[in-house]
Number of protein chains: 2
Amino acid sequence: MSSALVTRLRVSYQELFEALQRALLKLGFASEPAARCARLFTDTTCDGVYSHGLNRFARFVATIHNGTVDIQSTPELVTSCGAVERWDGKLGVGNLNAYQSMERAVALARQHSIGCVALANTNHWMRGGSYGWQAADAGMVGICWTNTLPNLPPWGASDARLGNNPIVIAVPRPGGHVVLDMAMSQFSYGALRAYQLSGEQLPVNGGYDLEGNLTRNPKAIEASGRPLPIGYWKGSGLALLLDLMAAMLSGGQATYQIPADPERETGLSQVFIAINLAALDQAGLAGQLADQIVGNLTSPPNSTAERVRYPGERVLQTRKENLKEGIPVAQSAWDELVAIGGS
Amino acid sequence: MSSALVTRLRVSYQELFEALQRALLKLGFASEPAARCARLFTDTTCDGVYSHGLNRFARFVATIHNGTVDIQSTPELVTSCGAVERWDGKLGVGNLNAYQSMERAVALARQHSIGCVALANTNHWMRGGSYGWQAADAGMVGICWTNTLPNLPPWGASDARLGNNPIVIAVPRPGGHVVLDMAMSQFSYGALRAYQLSGEQLPVNGGYDLEGNLTRNPKAIEASGRPLPIGYWKGSGLALLLDLMAAMLSGGQATYQIPADPERETGLSQVFIAINLAALDQAGLAGQLADQIVGNLTSPPNSTAERVRYPGERVLQTRKENLKEGIPVAQSAWDELVAIGGS
């Protein structure tokens, strides 16, 4: 779905990381946060989630300049009770806040076998899947979700009263972690835009047109502002529950309290849960079982059947390819990044 | 969607409870499990989830007679590590095992602020929502899910390699708990059958016909065995992750290991998580916030807009009505129940 008009080049992982790091330092980040934030943006791009990697960086920088993101603040512990903690994100950098929250959930899980961090007053976490890979890399089952600005009409209404509230679920596996990263809308606005640019129709109905008819036309859905929740009433219900839990557990804002302007979306609420599989699985059988489950899903029962992919599979393939061949970046985004960092 | 040919009567909550209790005692249940199991079936029926209440009882009894459910066994603690426990359900009564597991998760959450019980070797939990209401009644956020026999083709395949793996999420709320109870298929086989009996088409595409075309015809989907996952690839991914987590955390069976015959479905894996909201929400603000979030969802922004329902709303309305007017039961199911219990 990429436009052929965009000039692309491939840069190495290290080149991209260092360019991002330089830019962040120039923007005023301290040394350690700059490295962590650059790492998260680089990994996201290398993993092929281009919409939330380098291509998202300019918009991220804009939210620093417009005061939405405070690069000086760090999260503050508000309440600690056993295996659960409530943190205040102090409107700091979204991906750094999220990374630290999952790190803390993992630490709590090492102590209590399960850990939960509820984070209020944070900013967009960029690629949610990052924190799933993070938990799985630590050998943990990871579950996290965020609320968002109102961008999804609930089932039965035409105005956006829900967020698309992405949820991430990750399971560690010897043959490659299984990491699901999905929003509650069938297609994100980013995906709708990508289909529109490529001139393609959506593969399935993605929302309503201005006349209230279901449509596969991405432009018509952008115009109506009525994307479909996954599973109609089911995704609508799930989005509500994710918002309720995030706001109630963190003591932060719910979707209806979040500014509806994407450039000013801030004060989000998030939840991070880690479960220490190794504590339960003392015989060490879970990894083998996971490989069998995924093997059963992806191996067709006969030679004429379809090959099914599992969540996270394409990320691993793309990561491997990009580490070898270099990470594809748009010339314009690369030039912009280099200009911020100076050279 | 109820057939007009079925003769119905209304019985009081107490009448239904006592008839179920008598039947369970006759079937050999001990006194306390009989009361708890009767309570769960009565609540389910009273709450209007008729498919999993009295109407399910005959099939439940059949699984006792065919040896799938062992009414004498009680769950056994396998591993205890901090806030997480692994239990063996010993192929006992599914709803009793589930109830005890959520009770245990709630007790762990009182101690550690979050509790998690992973349960292996259990049987069908009947209405999953029961354990959500149970957690919310205890003031907890409750999350639980189960795997099932293979009954759902993953996105991209035509044979059932996934379960429809229902998940339940519950949040306590002064104005009425919010309880989501949903399977990963857009329509359960029970729902397909109900639409078919009523002669109605599904409101949205629910699966494929034998020719591989998406259809709203419930009979065609039953014939193909190809219901749709919610959100296509998204529900397919979520079903996989729920199965992975349930089997890996409990050390029990995954969907691919569970007998595909509904009459012999057994050895299920389930997870129960409770989070002690009160420990975090020391200022007691969460309830008010929950009421505001739900109020914002359900109150239309203007007089011409639609009234949206929240998950759990209809249950509360039906419960109230059935407690006042009596619970509607089919004459045949009632006669059968009374015959088991003797009178």
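1. Two strands are said to pair if DSSP finds at least two bridges between them. With that in mind, this predicted model offers an example in chain A, where strand 5 (residues 141-146) and strand 6 (residues 167-171) pair in the antiparallel sense over four bridges. Within this part of chain A, Ile143(A) stands opposite Ile169(A), which belongs to strand 6.

2. These strands of chain A belong to an open sheet of seven strands, whose order is 2-3-4-10-5-6-7 and whose pairing is mixed. Its edges are formed by strand 2 (76-81) and strand 7 (178-182) of chain A, each of which pairs on one side only. Averaged over the sheet, and with direction ignored, neighbouring strands are turned by 10° against each other. As general background, strands of a sheet pair through backbone hydrogen bonds, either parallel or antiparallel.

3. Chain B also has an open sheet of seven strands, in the order 2-3-4-10-5-6-7 and with mixed pairing, and its edge strands are strand 2 (76-81) and strand 7 (178-182) of chain B. Here a student may wish to look at strand 4 (residues 114-122) and strand 10 (residues 268-275) of chain B, which pair in the antiparallel sense over seven bridges, with Ile114(B) standing opposite Ile275(B) of strand 10. Helix 5 (residues 129-137) of chain B packs on this sheet, where it touches strand 5 (141-146), strand 6 (167-171), strand 7 and strand 10 of chain B, and its direction makes about 20° with that of strand 6 of chain B.

4. How are the two chains related? Chain B can be laid on chain A with an RMSD of 0.0 Å by a turn of 180° and a shift of 0.0 Å along the axis, which means that the relation is that of a two-fold axis. In chain B, the C-alpha nearest this axis belongs to Gly231(B), at 2.4 Å from it. The same surface serves both copies, in that 100% of the contact residues of chain B recur in chain A.

5. The contact between the chains takes 62 residues from chain B and 62 residues from chain A. On the side of chain B that touches chain A, helix 8 (residues 233-250) of chain B gives the most, with 12 residues, and by class that side has 42 nonpolar, 13 polar and seven charged residues. Helix 8 of chain B lies across strand 5, strand 6, strand 7 and strand 10 (268-275) of chain A, and runs at about 140° to strand 7 of chain A.

How values were computed:
Residues are numbered from 1 along each chain as its sequence is written. Chains are lettered from A and ligands numbered from 1 in the order in which they are written. This is a predicted model: local features need pLDDT of at least 70, side-chain atom pairs count only at pLDDT 80 or more; totals for chains, interfaces and linings use all residues. Helices (H or I, at least four residues) and strands (E, at least two) are DSSP runs, numbered from the N terminus. Two residues are in contact if their C-beta atoms, placed from the backbone, lie within 7 Å. Axes are lines fitted to C-alpha atoms, for helices over the stretch in contact, and angles run from 0 to 180 degrees between N-to-C directions. Copies are superposed by least squares on the C-alpha atoms of residues with pLDDT of at least 70 in both. Ala, Val, Leu, Ile, Met, Phe, Trp, Tyr, Cys and Pro count as nonpolar, Asp, Glu, Lys and Arg as charged, and the others, Gly among them, as polar.
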